[in-house]
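Work through the exercises below with the sequence and the 3D view open. Try each task before you read its solution.

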Amino acid sequence: MSEEILSLIKSGKQEKTTEHKIEKKTTWLIFTIGNQADGNNQYAIPAEIVKEILRDATVFPLPFVPPYVNGVLNRYGDPYVVIDSAVLEGKEPQKSLLFIVMNDESHTCLRITDVKDFFTASEKDVVKFSEAELSDFYDGTLNINGQEVFVLNVQSIIEKVGKEIAAA
């Protein structure tokens with residue numbers, strides 16, 4: 001009788017440990033950068049770093065900044081630096097008036113072409129780049145319904161902009 005109780009207790013502990021192994025899921029904002037429609041211009045960032053998505057905001061140009069910095073936009077009295085990551089990648093400037101405002105102290109926003117979707121994925125869907133493949137602007141790729149989408153490293157982009165503006 002006591003052996004049955006011990007086996008039930010052990011099996012209950014095993015069930016609890018398997019319950020704790022729930023996969024962590026992250027919601028991603030999927031968007032496009034650039035004017036081409038070839039499907040290779042989709043990118044992802046974690047939705048938690050997005051403060052808001054703006055449309056038709058006026059961008060005020062700034063002198064003496066790198067070409068990928070479009071200027072600043074005024075959001076509730078605070079200036080936000082507008083980065084065109086298409087130009088940062090060597091592509092032609094975007095004509096879109098759509099912006100992702102970052103949810104941090106950098107007061108930065110990315111100019112994007114279009115919002116595609118919000119996608120929830122588990123960690124197994126994200127393929128991190130190895131040290132050998134490490135890119136300055138990407139953390140890895142995200143598998144969305146069989147299609148690989150680059151995961152932007154927004155923090156490294158913001159750091160690059162800060163260093164280049166400070167050096168100018």
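**Exercise 1: Two unusual backbone angles**

His 107 has a relative accessibility of 28%, so it counts as partly exposed. The cut-offs are these: buried is under 20% relative accessible area, exposed is over 50%, and partly exposed is in between (1.4 Å probe, protein chains only). This is a predicted model; local features need pLDDT of at least 70, side-chain atom pairs count only at pLDDT 80 or more, and totals for chains, interfaces and linings use all residues. Residues are numbered from 1 along each chain as its sequence is written, and side-chain values use heavy atoms, with hydrogens and water left out.

Task: Where is His 107 placed, and what is its phi? Then do the same for Tyr 76.

Solution.
- Step 1. Recall the background: most residues other than glycine have a negative phi.
- Step 2. Find His 107 in the loop between S7 and S8. Its phi is positive, about 50°, although His 107 is not a glycine.
- Step 3. Go to the loop between strand S5 (69-75) and S6, where Tyr 76 sits. Phi of Tyr 76 is near 55°, again a positive value in a residue other than glycine.
- Step 4. Check exposure. Tyr 76 is exposed, at 68% relative accessible area.

**Exercise 2: The sheet**

Task: What is the strand order in the open sheet of six strands, and which strands stand at its edges?

Solution.
- Step 1. Set the terms. Helices (H or I, at least four residues) and strands (E, at least two) are DSSP runs, numbered from the N terminus. Two strands pair if DSSP finds at least two bridges between them.
- Step 2. Count the elements: the chain has three helices and 12 strands.
- Step 3. Read the order: S3-S7-S8-S6-S5-S4, with mixed pairing.
- Step 4. Look at the ends. Strand S3 (50-55) and strand S4 (59-60) each have a single partner strand, so one side of each is left without a neighbour in the sheet.
- Step 5. Check one pair. S6 (residues 78-83) and S8 run parallel, joined by three bridges. Val 82 has Cys 109 in S8 as its bridge partner.

**Exercise 3: The core**

Task: Which residues touch the most other members of the largest nonpolar core?

Solution.
- Step 1. Define the core: buried Ala, Val, Leu, Ile, Met, Phe, Trp, Tyr and Cys residues joined through side-chain atoms within 4.5 Å.
- Step 2. Name the residues. Among 24 members, they are Phe 31, Ile 45, Ile 100 and Leu 152.
- Step 3. List the elements that give two or more residues: strand S1 (25-32), strand S2 (42-46), helix H2 (85-88), strand S7 (98-102), strand S8 (108-112) and helix H3 (154-167). H3 gives the most, with four.
- Step 4. Take Ile 45. Contact means heavy atoms within 4.5 Å. Leaving aside neighbours within four places in sequence, the contacts of Ile 45 include Trp 28, Val 50, Met 102 and Val 154.

**Exercise 4: Glu 164**

Task: Which residues does Glu 164 touch, not counting those up to four places away in sequence?

Solution.
- Step 1. Locate Glu 164 in helix H3.
- Step 2. Classify Glu 164: at 30% relative accessible area, it is partly exposed.
- Step 3. Name the partners: Pro 66 and Tyr 68.
- Step 4. Compare sequence and space. Glu 164 and Val 65 are 99 residues apart along the chain, yet 7.9 Å separates their C-alpha atoms.
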